[in-house]
Amino acid sequence: MKVSFFRKELRADYEKILSITSSIVSFLLLFYDIPSELKIKYFLSFVGVMLIVYVLMWFHANHIRHVELSVNNSTIEISAGDVFQSEGLKIIAFNEYFDTQVDENIISSQTLNGQFIKKYAHDVESLDHLIQENQHAQECKIKVNQNRLVGKQIQYKLGTIVPMDDFFILAFSKFDNQNMWNECDIHYGGRSIVLPLLGSGITRFHGYENITDQELLEIILWTFKVSRIRFQYPSKAKIVLAQNSLDKIDLYKIKKLFKK
(Lines give C-alpha, C1' and ligand atoms only; values in the text may rest on other atoms or scores of the structure.)
Protein backbone atom coordinates (compact mmCIF):
# COMPACT_ATOMS: atom_id res chain seq x y z
CA MET A 1 0.00 0.00 0.00
CA LYS A 2 1.21 3.51 -0.86
CA VAL A 3 -0.31 4.99 2.31
CA SER A 4 0.62 3.17 5.51
CA PHE A 5 -2.14 2.32 7.96
CA PHE A 6 -0.77 4.69 10.61
CA ARG A 7 0.26 7.56 8.30
CA LYS A 8 0.49 10.76 10.35
CA GLU A 9 -1.62 12.82 7.92
CA LEU A 10 -4.27 10.10 7.76
CA ARG A 11 -4.51 9.98 11.53
CA ALA A 12 -4.84 13.77 11.65
CA ASP A 13 -7.75 13.67 9.19
CA TYR A 14 -9.37 10.89 11.20
CA GLU A 15 -8.97 12.77 14.48
CA LYS A 16 -10.88 15.72 12.97
CA ILE A 17 -13.78 13.43 12.05
CA LEU A 18 -13.62 11.71 15.43
CA SER A 19 -13.69 15.06 17.22
CA ILE A 20 -16.72 16.29 15.27
CA THR A 21 -18.56 12.98 15.71
CA SER A 22 -17.81 12.85 19.42
CA SER A 23 -19.07 16.41 19.85
CA ILE A 24 -22.35 15.57 18.08
CA VAL A 25 -22.82 12.40 20.15
CA SER A 26 -22.08 14.28 23.38
CA PHE A 27 -24.62 16.95 22.44
CA LEU A 28 -27.30 14.34 21.70
CA LEU A 29 -26.65 12.62 25.03
CA LEU A 30 -27.69 15.81 26.78
CA PHE A 31 -31.23 15.00 25.68
CA TYR A 32 -31.16 11.22 25.78
CA ASP A 33 -30.35 9.07 28.80
CA ILE A 34 -28.90 5.68 27.83
CA PRO A 35 -29.94 2.86 30.15
CA SER A 36 -26.97 1.66 32.17
CA GLU A 37 -27.26 -1.92 30.86
CA LEU A 38 -26.89 -0.64 27.26
CA LYS A 39 -23.99 1.77 27.76
CA ILE A 40 -21.26 -0.81 27.07
CA LYS A 41 -23.08 -2.07 23.99
CA TYR A 42 -23.49 1.47 22.62
CA PHE A 43 -19.88 2.29 23.40
CA LEU A 44 -18.57 -0.80 21.60
CA SER A 45 -20.84 -0.04 18.65
CA PHE A 46 -19.47 3.50 18.47
CA VAL A 47 -15.88 2.23 18.62
CA GLY A 48 -16.63 -0.32 15.89
CA VAL A 49 -18.20 2.25 13.59
CA MET A 50 -15.29 4.66 14.03
CA LEU A 51 -12.81 1.86 13.34
CA ILE A 52 -14.67 1.06 10.10
CA VAL A 53 -14.54 4.77 9.20
CA TYR A 54 -10.75 4.77 9.67
CA VAL A 55 -10.30 1.65 7.53
CA LEU A 56 -12.45 3.18 4.77
CA MET A 57 -10.40 6.39 4.91
CA TRP A 58 -7.18 4.38 4.63
CA PHE A 59 -8.57 2.39 1.71
CA HIS A 60 -9.67 5.56 -0.06
CA ALA A 61 -6.26 7.22 0.47
CA ASN A 62 -4.63 4.27 -1.30
CA HIS A 63 -7.01 4.33 -4.26
CA ILE A 64 -7.23 8.00 -5.20
CA ARG A 65 -7.26 8.15 -9.02
CA HIS A 66 -7.93 11.84 -9.62
CA VAL A 67 -7.12 15.06 -7.77
CA GLU A 68 -7.59 18.77 -8.42
CA LEU A 69 -5.18 21.20 -6.80
CA SER A 70 -5.09 24.97 -6.57
CA VAL A 71 -1.59 26.33 -7.14
CA ASN A 72 -0.98 30.05 -7.76
CA ASN A 73 -4.78 30.39 -8.01
CA SER A 74 -4.67 28.03 -10.98
CA THR A 75 -6.32 24.63 -11.17
CA ILE A 76 -4.06 21.64 -11.73
CA GLU A 77 -5.78 18.36 -12.47
CA ILE A 78 -3.97 15.03 -12.11
CA SER A 79 -5.41 11.79 -13.47
CA ALA A 80 -4.64 8.74 -15.56
CA GLY A 81 -5.26 8.76 -19.29
CA ASP A 82 -3.86 9.15 -22.78
CA VAL A 83 -2.10 12.46 -23.41
CA PHE A 84 -2.94 12.32 -27.12
CA GLN A 85 -6.66 11.91 -26.43
CA SER A 86 -6.88 14.64 -23.80
CA GLU A 87 -8.58 17.94 -24.53
CA GLY A 88 -6.24 20.91 -24.53
CA LEU A 89 -2.80 21.89 -25.78
CA LYS A 90 -0.66 18.80 -25.34
CA ILE A 91 3.01 19.21 -24.41
CA ILE A 92 5.38 16.82 -26.16
CA ALA A 93 8.93 16.88 -24.83
CA PHE A 94 11.84 16.81 -27.28
CA ASN A 95 15.50 17.37 -26.50
CA GLU A 96 17.04 20.83 -26.68
CA TYR A 97 18.00 20.24 -30.34
CA PHE A 98 14.44 19.37 -31.41
CA ASP A 99 15.69 16.11 -32.92
CA THR A 100 13.06 14.37 -35.05
CA GLN A 101 14.86 11.22 -36.22
CA VAL A 102 13.04 8.15 -34.87
CA ASP A 103 15.65 5.43 -35.32
CA GLU A 104 15.76 3.80 -31.84
CA ASN A 105 19.05 5.64 -31.33
CA ILE A 106 18.32 9.36 -31.22
CA ILE A 107 14.59 8.87 -30.54
CA SER A 108 12.92 5.62 -29.58
CA SER A 109 9.56 4.82 -31.17
CA GLN A 110 8.37 3.85 -27.67
CA THR A 111 8.79 7.36 -26.26
CA LEU A 112 6.00 9.92 -26.29
CA ASN A 113 7.75 12.16 -28.81
CA GLY A 114 8.56 9.12 -30.96
CA GLN A 115 4.87 8.21 -31.04
CA PHE A 116 3.98 11.84 -31.74
CA ILE A 117 6.31 12.02 -34.74
CA LYS A 118 5.00 8.73 -36.15
CA LYS A 119 1.29 9.40 -35.62
CA TYR A 120 0.72 13.14 -35.59
CA ALA A 121 3.59 14.98 -37.27
CA HIS A 122 2.45 14.11 -40.84
CA ASP A 123 6.04 13.88 -42.10
CA VAL A 124 9.42 14.67 -40.59
CA GLU A 125 10.32 17.23 -43.27
CA SER A 126 7.25 19.32 -42.49
CA LEU A 127 7.95 19.14 -38.77
CA ASP A 128 11.58 20.18 -39.27
CA HIS A 129 10.44 23.07 -41.46
CA LEU A 130 7.91 24.19 -38.84
CA ILE A 131 10.62 24.30 -36.17
CA GLN A 132 13.17 26.00 -38.39
CA GLU A 133 10.74 28.70 -39.55
CA ASN A 134 9.17 29.44 -36.18
CA GLN A 135 10.14 33.02 -35.31
CA HIS A 136 10.03 32.49 -31.56
CA ALA A 137 12.26 29.42 -31.82
CA GLN A 138 14.75 31.42 -33.86
CA GLU A 139 14.96 33.91 -31.00
CA CYS A 140 15.60 31.08 -28.54
CA LYS A 141 18.64 29.62 -30.30
CA ILE A 142 21.68 29.20 -28.07
CA LYS A 143 24.36 27.98 -30.43
CA VAL A 144 25.29 25.67 -33.28
CA ASN A 145 27.05 22.61 -31.87
CA GLN A 146 29.25 21.47 -34.74
CA ASN A 147 30.77 18.75 -32.56
CA ARG A 148 27.43 16.94 -32.50
CA LEU A 149 27.81 14.32 -35.20
CA VAL A 150 24.43 12.58 -34.78
CA GLY A 151 21.19 14.54 -34.92
CA LYS A 152 20.67 18.25 -35.33
CA GLN A 153 23.25 20.84 -34.34
CA ILE A 154 21.17 23.89 -33.42
CA GLN A 155 20.64 24.05 -29.67
CA TYR A 156 17.65 25.90 -28.19
CA LYS A 157 16.94 27.27 -24.73
CA LEU A 158 15.34 24.76 -22.40
CA GLY A 159 11.63 25.35 -22.24
CA THR A 160 11.35 26.72 -25.78
CA ILE A 161 7.93 25.90 -27.21
CA VAL A 162 6.93 25.56 -30.86
CA PRO A 163 3.13 25.35 -31.34
CA MET A 164 1.78 22.80 -33.84
CA ASP A 165 -1.99 22.35 -34.14
CA ASP A 166 -3.12 21.07 -30.71
CA PHE A 167 0.43 20.39 -29.55
CA PHE A 168 3.25 22.28 -27.89
CA ILE A 169 6.65 20.92 -28.93
CA LEU A 170 8.91 21.50 -25.94
CA ALA A 171 12.72 21.68 -25.78
CA PHE A 172 13.33 19.70 -22.62
CA SER A 173 16.10 17.64 -21.07
CA LYS A 174 15.85 18.77 -17.46
CA PHE A 175 13.50 20.88 -15.38
CA ASP A 176 13.79 24.64 -15.66
CA ASN A 177 11.30 26.34 -13.36
CA GLN A 178 11.33 29.57 -15.37
CA ASN A 179 11.42 28.83 -19.10
CA MET A 180 8.88 26.02 -19.51
CA TRP A 181 6.01 27.63 -17.60
CA ASN A 182 6.81 31.10 -18.97
CA GLU A 183 6.62 29.67 -22.49
CA CYS A 184 3.27 28.04 -21.70
CA ASP A 185 2.03 31.38 -20.38
CA ILE A 186 3.04 33.04 -23.66
CA HIS A 187 1.43 30.48 -25.97
CA TYR A 188 -1.57 28.91 -24.21
CA GLY A 189 -4.07 31.54 -25.36
CA GLY A 190 -6.74 30.73 -22.80
CA ARG A 191 -6.74 26.97 -23.46
CA SER A 192 -5.89 24.22 -20.99
CA ILE A 193 -2.39 22.76 -21.00
CA VAL A 194 -1.96 18.98 -21.00
CA LEU A 195 1.38 17.47 -20.07
CA PRO A 196 2.67 13.97 -19.36
CA LEU A 197 4.90 13.05 -16.44
CA LEU A 198 7.96 14.76 -17.92
CA GLY A 199 11.12 12.73 -17.41
CA SER A 200 9.39 9.42 -16.67
CA GLY A 201 9.87 6.02 -18.26
CA ILE A 202 12.68 5.57 -20.78
CA THR A 203 13.15 9.34 -21.09
CA ARG A 204 14.81 9.64 -17.67
CA PHE A 205 17.41 12.38 -17.44
CA HIS A 206 21.07 11.46 -17.48
CA GLY A 207 22.27 11.34 -13.89
CA TYR A 208 18.72 11.07 -12.50
CA GLU A 209 17.88 7.52 -13.53
CA ASN A 210 16.85 6.55 -10.00
CA ILE A 211 14.36 9.37 -9.46
CA THR A 212 10.86 8.05 -8.80
CA ASP A 213 7.63 8.98 -10.56
CA GLN A 214 6.46 10.42 -7.23
CA GLU A 215 9.46 12.75 -7.12
CA LEU A 216 9.00 13.75 -10.77
CA LEU A 217 5.39 14.73 -10.18
CA GLU A 218 6.32 16.75 -7.09
CA ILE A 219 9.07 18.52 -9.05
CA ILE A 220 6.63 19.49 -11.81
CA LEU A 221 4.20 20.90 -9.25
CA TRP A 222 6.87 22.79 -7.33
CA THR A 223 8.30 24.31 -10.53
CA PHE A 224 4.82 25.58 -11.37
CA LYS A 225 4.41 26.98 -7.86
CA VAL A 226 7.70 28.89 -7.86
CA SER A 227 7.14 30.15 -11.42
CA ARG A 228 4.20 32.28 -10.16
CA ILE A 229 2.44 31.66 -13.48
CA ARG A 230 -1.36 31.72 -13.38
CA PHE A 231 -3.75 30.17 -15.87
CA GLN A 232 -6.95 32.18 -16.08
CA TYR A 233 -10.18 30.27 -15.44
CA PRO A 234 -11.53 28.15 -17.11
CA SER A 235 -8.06 27.20 -18.35
CA LYS A 236 -6.14 24.68 -16.26
CA ALA A 237 -3.04 22.53 -16.32
CA LYS A 238 -3.74 18.81 -16.67
CA ILE A 239 -1.06 16.27 -15.80
CA VAL A 240 -1.94 12.99 -17.49
CA LEU A 241 -0.31 9.89 -16.02
CA ALA A 242 0.16 6.49 -17.55
CA GLN A 243 -1.64 3.82 -15.55
CA ASN A 244 1.62 2.20 -14.40
CA SER A 245 2.81 5.59 -13.08
CA LEU A 246 -0.46 6.26 -11.26
CA ASP A 247 -0.18 2.89 -9.53
CA LYS A 248 3.14 4.03 -8.01
CA ILE A 249 2.21 7.60 -7.10
CA ASP A 250 0.82 8.59 -3.72
CA LEU A 251 -1.85 11.14 -4.65
CA TYR A 252 -2.90 11.39 -1.01
CA LYS A 253 0.52 12.86 -0.26
CA ILE A 254 0.22 15.19 -3.27
CA LYS A 255 -3.11 16.49 -1.94
CA LYS A 256 -1.51 17.24 1.41
CA LEU A 257 1.50 18.99 -0.13
CA PHE A 258 -0.65 21.16 -2.40
CA LYS A 259 -3.92 21.70 -0.58
CA LYS A 260 -6.67 23.26 -2.69
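The lining of the second largest pocket divides into six nonpolar, two polar and two charged residues. The model is predicted. Its second largest pocket has a volume of about 240 Å³. The model also holds an open sheet of seven strands and a packed pair formed by helix 1 and helix 2.

**Second largest pocket**
- Nonpolar residues make up six of the lining, beside two polar and two charged ones.
- The lining consists of Ser22, Val25, Ser26, Leu29, Asp33, Ile34, Lys39, Tyr42, Phe43 and Phe46.
- Helix 1 (8-29) and helix 2 (39-62) each give at least two residues to this lining.

**Helix 1 and helix 2**
- Two packed helices are described by the angle between their axes and the distance between the axes.
- Here the angle is about 150 degrees, and the axes of helix 1 and helix 2 lie 11 Å apart.
- Their crossing is right-handed.
- Helix 1 makes the contact through Leu10, Arg11, Asp13, Tyr14, Ile17, Leu18, Thr21, Ser22 and Val25.
- Helix 2 brings Phe46, Met50, Leu51, Val53, Tyr54, Met57, Trp58 and Ala61 to the contact.
- The contact residues divide into 13 nonpolar, two polar and two charged.
- Ser22 and Val25 of helix 1 and Phe46 of helix 2 take part in the contact, and these residues also line the second largest pocket.

**The sheet**
- Strands of a sheet pair through backbone hydrogen bonds, either parallel or antiparallel.
- In this open sheet the strand order is 1-2-9-8-3-7-6, with mixed pairing.
- Strand 1 (66-71) and strand 6 (161-164) are the edge strands; each has a single partner, so one side of each lacks a neighbour in the sheet.
- From one strand to the next, the twist averages 25 degrees.
- Strand 3 (residues 89-94) pairs with strand 7 (residues 167-171) in the parallel sense, over five bridges.
- Within strand 7, Ile169 stands opposite Ile92.

**Helices on the sheet**
- Helix 4 (residues 124-133) packs on the sheet and touches strand 3, strand 6 and strand 7.
- The direction of helix 4 makes about 130 degrees with that of strand 6.
- Helix 7 (residues 213-227) lies across strand 1, strand 2 (74-80), strand 8 (193-195) and strand 9 (237-241).
- Helix 7 runs at about 165 degrees to strand 2.

**Backbone exceptions**
- Most residues other than glycine have a negative phi, and most peptide bonds are trans.
- Tyr233 and Pro234 are joined by a cis peptide bond, with omega about 10 degrees.
- Pro234 sits in the loop between helix 7 and strand 9.
- Phe98 is not glycine, yet its phi is positive, near 55 degrees.
- Phe98 belongs to the loop between strand 3 and helix 3 (112-120).

Key: Residues are numbered from 1 along each chain as its sequence is written. This is a predicted model: local features need pLDDT of at least 70, side-chain atom pairs count only at pLDDT 80 or more; totals for chains, interfaces and linings use all residues. Side-chain values use heavy atoms; hydrogens and water are left out. Two strands pair if DSSP finds at least two bridges between them. Helices (H or I, at least four residues) and strands (E, at least two) are DSSP runs, numbered from the N terminus. Axes are lines fitted to C-alpha atoms, for helices over the stretch in contact, and angles run from 0 to 180 degrees between N-to-C directions. Contact means heavy atoms within 4.5 Å. On a 1 Å grid over the protein atoms alone, a cavity is a set of points where a 1.4 Å probe fits but cannot get out, and a pocket is an open set with protein on both sides within 12 Å along at least five of seven lines; lining residues have an atom within 4 Å of a point. Grid points are joined across faces, edges and corners, and a volume is the space filled by probe spheres set on the points. Ala, Val, Leu, Ile, Met, Phe, Trp, Tyr, Cys and Pro count as nonpolar, Asp, Glu, Lys and Arg as charged, and the others, Gly among them, as polar. A crossing is left-handed if the near helix is turned anticlockwise from the far one by less than a right angle, and right-handed if clockwise.
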